[in-house]
Amino acid sequence: MNFSLELVVLLYLVASVCFIQALKGLSHPASSRAGNAFGMVGMAIAVVTTVALVLKIHPQTGGVGLAWVLLGVVVGGAVGTTIARRVPMTNMPEMVAFMHSMIGLAAVFIAIAAVAEPAAFGIVEAGAPIPVGNRVELFIGSFVGAITFSGSVIAFGKLAGRYKFRLFRGAPVVFKGQHPLNAALGIVMLAAGILFVISQAWEPFLLMLAIAFILGVLIIIPIGGADMPVVVSMLNSYSGWAAAGIGFSLNNPMLIIAGSLVGSSGAILSYIMCRAMNRSFFNVILGGFGGEVAAAAGAGAEQRSVRSGSPDDAAFLLGNAESVIIVPGYGLAVARAQHPLKELSDKLLKKGVRVRYAIHPVAGRMPGHMNVLLAEAEVPYDQVFEMDDINPEFAETDVALILGANDVVNPAAKDPKSPIAGMPILEAYKARQVIVNKRSMASGYAGLDNELFYMDKTMMVFGDAKKVVEDIVKAIE
């Protein structure tokens, strides 16, 4: 078959359709496997087409270049496979942040190589200057990639709990003059980028990259743990736009399409996450969520009395209920209690209890975190419900079992004077009985006390979620 430009365009179009179908499939757990399959097929088509295109354009030297590429694929694939196999599902958010950082860094390296040897990428003939339009694309792709890399490294540290480093603390890291400093650095970065576009000189290009790396750190450190789901999706969007920008420079339509799909879907997801938290996107970027109220809220929580019980007490309530709604949170992920929870659900179902799971959009530390954990434990999809679908059911439910969730079930969101006023929550407080499992009475990432814990209908069961659930399973006859 004659490998013509028309065939390349057709194959890239087929790959693009596969990527779109992948995004569609990944929008729901039931179709996620098919979505992954579409994504892998699309990427395979794109890679094979690109390899064939390189060999056609550079028949003499293309083989040597592809040999180096193959070596990188083998080494990188081996490292990635090893990491993916060793990382538990509970640590998936930090692995996602790590992968985002690698995409951003790859965009930076490609931009540096394109500026150094534009002829090797087919941008211009040897010795000719890079067109102004391509310089703009390289500038945008490289600074977005640099911000994505350093910002994702900070997000990884915050998610992984590397608290011995101040920059990686879950609480917002703020200092006087932070926003003016960011603005000044942003202006200098843009000025350096403009100088590069005008002159194609290395000095402003490298200065722009250095400032972009610093800005990535400064943008993420003031964002608290409560906003981490938005940060993860936002960095996902950044990585896509960085890839798309480099795709324009390299005149590669497949990279442009794939990057645009990732960038736009990440941006939409960030918007959805912000709506779920009743927060504006720019408010999240400014950071410091809950920082002002954390100290005030923490003191009162330890002084107020709550009704506490044992796993045996919880087992009695659950075993005698007709309907139970389980609300998983980050505490469930930390304890790795999803498998004992599935065993508990199976026991209750055998006793004739109707069991459902309620998922808040920002529960955990990344979008879909709880869905991933439940899927790993093979919880049937028809038992898992999104917030809008399950909220009307709480009022008719005998027991709401809350495992490690805090802010997403806080009735303070209904108070117009509360810092989280208007934030959509799972309305577990409407259930006839509420069982809450937490390690302590510490406040959530928002730094607010939770009135649900002090209601007469609420019973607190303190302890590690996995141990508590295992004890409940043993106690249910």
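These legends accompany several close-up views of one predicted chain.

The model is predicted, so local features are described only at pLDDT of at least 70 and side-chain atom pairs only at pLDDT 80 or more, while totals for chains, interfaces and linings take in all residues. Residues are numbered from 1 along each chain as its sequence is written, and side-chain values rest on heavy atoms, with hydrogens and water left out.

**View 1. The whole chain, for orientation.** The chain has 17 helices and 6 strands, where helices (H or I, at least four residues) and strands (E, at least two) are DSSP runs numbered from the N terminus. Of its 477 residues, 47% are buried; here buried means under 20% relative accessible area, exposed means over 50%, and partly exposed lies in between (1.4 Å probe, protein chains only). Take the contacts between residues at least 6 apart in sequence: 77% of them join residues at least 24 apart. A contact means heavy atoms within 4.5 Å.

**View 2. Helix H5 beside helix H8.** Here you can follow H5 (residues 132–160) past H8 (residues 228–250), with axes that come within 8 Å and cross at roughly 155 degrees. The axes are lines fitted to C-alpha atoms, for helices over the stretch in contact, and angles run from 0 to 180 degrees between N-to-C directions. The two helices are therefore roughly antiparallel, on a scale where angles under 35 degrees count as roughly parallel, over 145 as roughly antiparallel, 65 to 115 as roughly perpendicular and the rest as oblique. The contact of H5 with H8 involves 13 nonpolar, 10 polar and 2 charged residues. In this count Ala, Val, Leu, Ile, Met, Phe, Trp, Tyr, Cys and Pro are nonpolar, Asp, Glu, Lys and Arg are charged, and the others, Gly among them, are polar.

**View 3. Helix H4 against helix H7.** The axes of H4 and H7 are 12 Å apart and make an angle of about 175 degrees, which means that H4 is roughly antiparallel to H7. By class, this contact has 9 nonpolar residues, with no polar and no charged ones. From H4 come Val108, Ala111, Ile112, Val115 and Ala116, and they meet Trp202, Phe205, Leu209 and Phe213 of H7.

**View 4. The largest nonpolar core, and a second one.** A nonpolar core is a set of buried Ala, Val, Leu, Ile, Met, Phe, Trp, Tyr and Cys residues joined through side-chain atoms within 4.5 Å. The largest has 44 residues, and those with the most contacts inside it are Leu138, Phe143, Met189, Phe196, Phe205, Met208 and Val231. H4 (92–116), H5, H6 (178–199), H7 (202–220) and H8 each supply at least two residues of this core, and H5 gives the most, with 9 residues. A second, separate core has 36 residues, among them Ala315, Val353, Leu374 and Ile435.

**View 5. Around Phe196 and Ser199.** Leaving aside neighbours within four places in sequence, Phe196 is in contact with Val115, Arg135, Leu138, Phe139, Ala201, Pro204 and Phe205. Ser199 is found in helix H6 and is partly exposed, at 43% relative accessibility. With the same neighbours set aside, Ser199 is in contact with Arg135 and Pro204. Look also for Ile130: its C-alpha is 10.0 Å from that of Ser199, and the two residues are 69 apart in sequence.

**View 6. Val217 and Ser152.** Val217 sits in helix H7 and counts as partly exposed, at 22% relative accessibility. The C-alpha atoms of Val217 and Ser152 are separated by 8.5 Å, with their positions 65 residues apart along the chain.

**View 7. Two loop residues with positive phi.** Arg336 is not a glycine, yet its phi is positive, about 55 degrees. It lies in the loop between helix H13 (330–335) and helix H14 (338–350), and is partly exposed with a relative accessible area of 45%. Glu378 also has a positive phi, near 60 degrees. Glu378 belongs to the loop between helix H15 (369–376) and strand S3 (384–386) and is exposed, at 65% relative accessibility.

**View 8. Asn391 in its loop.** Asn391 lies between helix H16 (387–390) and strand S4 (399–403). At 12% relative accessibility, Asn391 is buried. Beyond its neighbours within four places in sequence, Asn391 is in contact with Ile425, Leu426 and Glu427.
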